[in-house]
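Colleague: Please take a close look at the aromatic pairs in this model and at the nonpolar cores.

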Amino acid sequence: MKEKQFQKTTYGKALTIQLIQFCQCVEGFSPKSLQAWNSLDWSGGCLRIKPLTCNDENMDGFIKYSKLKVPDTTHTSLDEKIHLPECRTMCLSNCSCMAYANSDIISGAGSGCVMWFGDLIDIRQFEDGGKDLYIRMSISELVNHEEPRHGHTAKV
């Protein structure tokens, strides 16, 4: 069956199953307007359940999401010379940095870092393929997750 294209929401991911499409907030976020969300209006997006600390690098961390279409790249920064551990550190040191990923779009391996600032818009979940995206979260949201250790597999 044909899939329709839909605009995705802030911090939300859209899933398409044949011609039926729905959105959901990623873990740690909830709909900005539950009433609109329940009316299938996802344009308001999702909000964090717990705010970021940001002032203390040890109070925020990242959850790894796999098999994603990465967010819109309007507000990003690219550094092709650094690896993921340095990318994580740079993202944590900037309160506006909300996510990061390897910049190698084809294989996701090797060096390179892309960081997203502000709202994460147009995230999609794929059954196969896609990239890993590390989304910044409050440390209290990481209780059931291991912090990504690049070079090791993280539980998500």
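Modeller: The aromatic pairs come first, then the cores, then the confidence.

This is a predicted model, in which local features need pLDDT of at least 70 and side-chain atom pairs count only at pLDDT 80 or more, while totals for chains, interfaces and linings use all residues. Residues are numbered from 1 along each chain as its sequence is written, and side-chain values use heavy atoms, with hydrogens and water left out.

Rings of Phe, Tyr and Trp (its six-membered ring) pair if their centres lie within 6.5 Å; planes under 30 degrees apart count as stacked, over 60 as edge-to-face and the rest as tilted. By this rule there are three aromatic pairs. Trp 37 and Trp 42 make an edge-to-face pair, 6.4 Å centre to centre with 70° between the planes. Trp 37 has 11% relative accessibility and therefore counts as buried (under 20% relative accessible area, with exposed over 50% and partly exposed in between; 1.4 Å probe, protein chains only). Phe 62 and Tyr 100 are also edge-to-face, at 4.8 Å and 85°. This pair links distant parts of the chain, with Phe 62 in strand β5 and Tyr 100 in strand β7, 38 residues apart (strands are DSSP runs of E, at least two residues, numbered from the N terminus). Phe 62 and Tyr 100 are both buried, and with Tyr 134 they form one aromatic cluster.

A nonpolar core is a set of buried Ala, Val, Leu, Ile, Met, Phe, Trp, Tyr and Cys residues joined through side-chain atoms within 4.5 Å. The largest has 22 residues, and Phe 29, Trp 116, Leu 120, Leu 133 and Ile 135 have the most contacts inside it. Apart from it lies another core of twelve residues, among them Phe 62, Leu 84, Tyr 100 and Cys 113.

The chain averages a pLDDT (the predictor's confidence in each residue, from 0 to 100) of 79.

How values were computed:
Helix = DSSP H or I, 4+ residues; strand = E, 2+ residues; numbered from the N terminus.
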